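User: Please take a close look at the salt bridges in this model. Then set them against the rest of the fold and the surface.

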Amino acid sequence: MKTGVGVIVLATLALSPTIGRAGAWVQPKGKGQVILKYEAMRADGGFDPIGVERPLLEPREDASLGVFAEYGLTSRLTLQIKGDWQDGRDAFVDYEGRGPIEAGLTWQVWRDDRNAVSLYGGYADAGEGRNAGYAPPGVGEHDWEARVSAGRSFGATARRLGMDHAFVEVQVARRLRDDLPDETRMDATAGARFGDGDWMALAQAFGGAADGGARWLSLEASVVRDLGSWSVQAGWRQTVAGRETSVAHGPVLAIWRRF
């Protein structure tokens, strides 16, 4: 497959505490999960420096196959590792290669029956693929990221609305980059379980701004089905606003395995 930028969103996938604990909810000690995710994005246009959508010279196609793994080292500290393989093309480049590989730790700052707050610190080693969606392949060196996540789950309130469980989560991050602009990111997720808890609907927003340059906001809707210790996810992502970034859309598919 010859397709464009593969962007890791596994870092920003905020999961319900009953099905995964990336983000505000950490993994219990000795427990973990692995998520294998495939994305296939296409863009026929892009946002210019003032946010007006313009047609591209040629369509830009994006594909990535990524893995995200996390493991509870203690009851309050979770190890996270992620990476992907990309290939793609646009009007100027045709490439294939590894994206950035990142490792980090999430610390549970505070948690009660309904609320959770955590802090994440991570380091990423750039690859020969796109290390940022707005940058050419291979540009970038080393990144450091600090992220704070806060989430709240709803039990009785959700059941009164016909849901088995619901939650919301917000994450804010600062990414310090070599050979690329530093970035500020904000991601939000709302999710609800239904069908006796075996199904979950997710609505997510991924936004960010590079210092003095690109901005982006993408929306994603997906459905997750539990199958014992496995889960499958299918969804759709769409870029809805930005500057100096492509207007991409396409399917997102994932397989989760908890252990």
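Analyst: Salt bridges come first. A search of the whole structure, which is a predicted model, finds 22 salt bridges. Three pairs are described in turn below, then a network.

Take Glu61 and Arg42. Their side chains form a salt bridge, with the closest N and O atoms 3.1 Å apart. Glu61 sits in strand S2 (residues 53-72) and Arg42 in strand S1 (residues 32-47), so this pair ties together parts that are 19 residues apart in sequence. Is Glu61 buried or exposed? Glu61 counts as buried, because its relative accessibility is 17% and the cut-off for buried is under 20%. Arg42 is partly exposed, with a relative accessible area of 32%. The pair therefore joins a buried acid to a partly exposed base.

Next, Arg185 and Glu183. These side chains meet in a salt bridge at 2.9 Å, N to O. Here both partners are buried. Arg185 has 16% relative accessibility. Glu183 has a relative accessible area of 1%.

The third pair is Arg225 and Asp198. Their salt bridge has its closest N and O atoms 3.9 Å apart. The cut-off is 4 Å, N to O. This pair links distant parts of the chain, 27 residues apart. Arg225 belongs to strand S11 (residues 215-227). Asp198 belongs to the loop between strand S9 (183-194) and strand S10 (199-210). Both ends are partly exposed: Arg225 at 26% relative accessibility, Asp198 at 34%.

Now the network. Which residues are linked in a network of salt bridges? The members are Lys82, Glu102, Asp143, Glu145, Arg147, Arg175, Arg177, Glu183, Arg185 and Asp187. Glu183 and Arg185, the buried pair described above, both belong to this network.

The fold gives these contacts their setting. The protein has 1 helix and 13 strands. Along the sequence, the pattern reads β-β-β-β-β-β-β-α-β-β-β-β-β-β. The radius of gyration is 18 Å, close to the 18 Å that the globule rule gives for 259 residues, so the protein is as compact as a globular protein of that length. Along its principal axes, the C-alpha trace spans about 50 × 35 × 30 Å. Buried residues make up 49% of the 259 residues. Glu61, Arg185 and Glu183 are among the buried ones.

Charge also gathers without salt bridges. Arg114, Arg152, Arg159 and Arg160 form a patch of positive charge on the surface. Residues of such a patch must make no salt bridge and have over 30% relative accessible area. Arg152 lies in strand S7 (residues 142-154). Arg152 counts as partly exposed, because its relative accessibility is 36%.

The surface has a nonpolar patch too. Its area is about 990 Å². The residues that make it are Val34, Leu36, Leu65, Val67, Tyr71, Leu73, Leu105, Leu227, Trp230, Val232, Ile255 and Phe259. Strands S1, S2 and S12 (230-243) each supply at least two of these residues. Which strand gives the largest share of the nonpolar patch? That is S2, with 3 residues. S1 and S2 also carry the Arg42 and Glu61 pair, so these two strands take part both in a salt bridge and in the nonpolar patch. Phe259 is placed in the segment after strand S13 (245-258). Phe259 counts as partly exposed, at 44% relative accessibility.

Two backbone details remain, both in loops. Most residues other than glycine have a negative phi. Asp196, not a glycine, has a positive phi of about 60°. Asp196 is found in the loop between S9 and S10. That loop also holds Asp198, the partner of Arg225. Asp196 is exposed, with a relative accessible area of 74%. Glu244 has a positive phi as well, near 55°. Glu244 lies in the loop between S12 and S13. Glu244 counts as partly exposed, because its relative accessibility is 41%.

Notes
Residues are numbered from 1 along each chain as its sequence is written. This is a predicted model: local features need pLDDT of at least 70, side-chain atom pairs count only at pLDDT 80 or more; totals for chains, interfaces and linings use all residues. Side-chain values use heavy atoms; hydrogens and water are left out. Patches are made of residues with over 30% relative accessible area and no salt bridge: like charges are joined within 9 Å, nonpolar side chains (Val, Leu, Ile, Met, Phe, Trp, Tyr) within 5 Å. Accessible areas come from the Shrake-Rupley method with a 1.4 Å probe; for residues, only the protein chains shown count as cover. Lys and Arg count as positive and Asp and Glu as negative; His and the chain ends are not counted. The place of a charge is taken as NZ of Lys, CZ of Arg, CG of Asp or CD of Glu. Helices (H or I, at least four residues) and strands (E, at least two) are DSSP runs, numbered from the N terminus. Buried means under 20% relative accessible area, exposed over 50%, partly exposed in between (1.4 Å probe, protein chains only). The radius of gyration is taken over C-alpha atoms; the globule rule is 2.2 Å times the number of residues to the power 0.38.
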